Amino acid sequence: MLSLSRFRCVSAVSLCALLLCVSSVRAEEPTDLPYHQQKNLVYAEVHGVGLLLDVFTPRSKPNGLGIVDVVSGAYHSDRGKLRDHKQAQMFDIFCSRGYTVFAIRPGSIAKFNGPEMLDNVNRGILWVKEHAREYQVDPNRLAMLGASAGGHLACMAAVSAADAKSKTRVKAVAVFFPPTDLMNYGGFKIDISGEDQLAQSIRRLITPKGSETIDVSRLDELRTAFSPARLVKPGLPPFLIIHGTADFMVPIQQSRVMVAALQKAEVPVKFIIKEGGGHPWPTIHEEVELMADWIDGQLK
């Protein structure tokens, strides 16, 4: 059994790795794609910077339903993170079923902090709803996806739109291995007031740009406000959460606390545990198929 100090060290290294890098699934690019891809559409402008999304429309008959895919890994949303989603066969699987997928890139930690990225996700959701008729999808029947940092942002977007009349409300949320509780990471509260790399990374995520020296007394307040497991309310849309037992970057405890919070609030939630699954795992496309099955049941 790990000692407390050793466990904290492992947890700290794991979370730091999440903030700095992300694993990718390697797979061959398919030669017969089931979608058309529109690249680099500008869905908003912030600080003079254009925020981009790609749209994947099905080659076969569309089903009139849309997916908002939050593309972010380690809180970076460069095109490499979009390739990770391609390699996980997300666009192949959903577009082959007739879904139109809007792959939103909410910006990266080099330019935006976490709450600003959340605002960008919400801007993307609004863009999708405003352009729903153009893409022949129902704006009231959208699902939202995300993995890792993208899963965190998707969960935050969902819990911050608890009101059923919210303009950024979606009908279902499905995420892979999301951080959900920055106050209790891996079972322990991590001190983020110091100058070690982990503490600086979390402060960079939760504090306003230029305010990294913010009063220490506010740090818990800020990370609580960016922990979706602590913000769950009754009436949220149903959730699907998928997490591997061998994830050393985002401990499965993060999904467990989110599931427990949703159950306590009587929000429908399905939890799929991938035995031996890391961050991610080579056969993750199989779980993407399960995710698509679940979304079919929620939207159709």
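## Strand 3 and the nonpolar cores

In strand 3, the side chains of G66, V68 and V70 point one way and those of I67 and D69 the other way, and all are buried. The model in which these positions are described is a predicted one. Taken as a whole, strand 3, covering residues 66-70, is mostly covered, with 5 of its 5 residues buried.

Strand 3 is paired with strand 4 and with strand 5, as set out below.

| Partner of strand 3 | Residues | Bridges | Direction | Residue pair |
|---|---|---|---|---|
| Strand 4 | residues 100-104 | 5 bridges | parallel | V68 opposite F102 |
| Strand 5 | residues 142-147 | 5 bridges | parallel | V70 with G146 |

Two of the residues that point one way from strand 3, V68 and V70, thus appear in the table: V68 stands opposite F102 in strand 4, while V70 has G146 of strand 5 as its bridge partner.

The description now turns to the nonpolar cores. In soluble globular proteins, nonpolar side chains tend to be buried together. The largest nonpolar core here holds 61 residues, and the members that touch the most others are M144, F239 and M258. Helix 6, spanning residues 149-159, gives the most to this core, contributing 8 residues. Apart from this core lies another, of 33 residues, which includes Y35, C95, W281 and V288.

Which residues does F239 touch, leaving aside those up to four places away in sequence? The contacts of F239 are C155, A158, V173, M258, L262, V267, P268, V269, K270 and W294. One of them, M258, is itself among the residues of the largest core that touch the most other members.

Methods. Residues are numbered from 1 along each chain as its sequence is written. This is a predicted model: local features need pLDDT of at least 70, side-chain atom pairs count only at pLDDT 80 or more; totals for chains, interfaces and linings use all residues. Side-chain values use heavy atoms; hydrogens and water are left out. Buried means under 20% relative accessible area, exposed over 50%, partly exposed in between (1.4 Å probe, protein chains only). Helices (H or I, at least four residues) and strands (E, at least two) are DSSP runs, numbered from the N terminus. Two strands pair if DSSP finds at least two bridges between them. A nonpolar core is a set of buried Ala, Val, Leu, Ile, Met, Phe, Trp, Tyr and Cys residues joined through side-chain atoms within 4.5 Å. Contact means heavy atoms within 4.5 Å.
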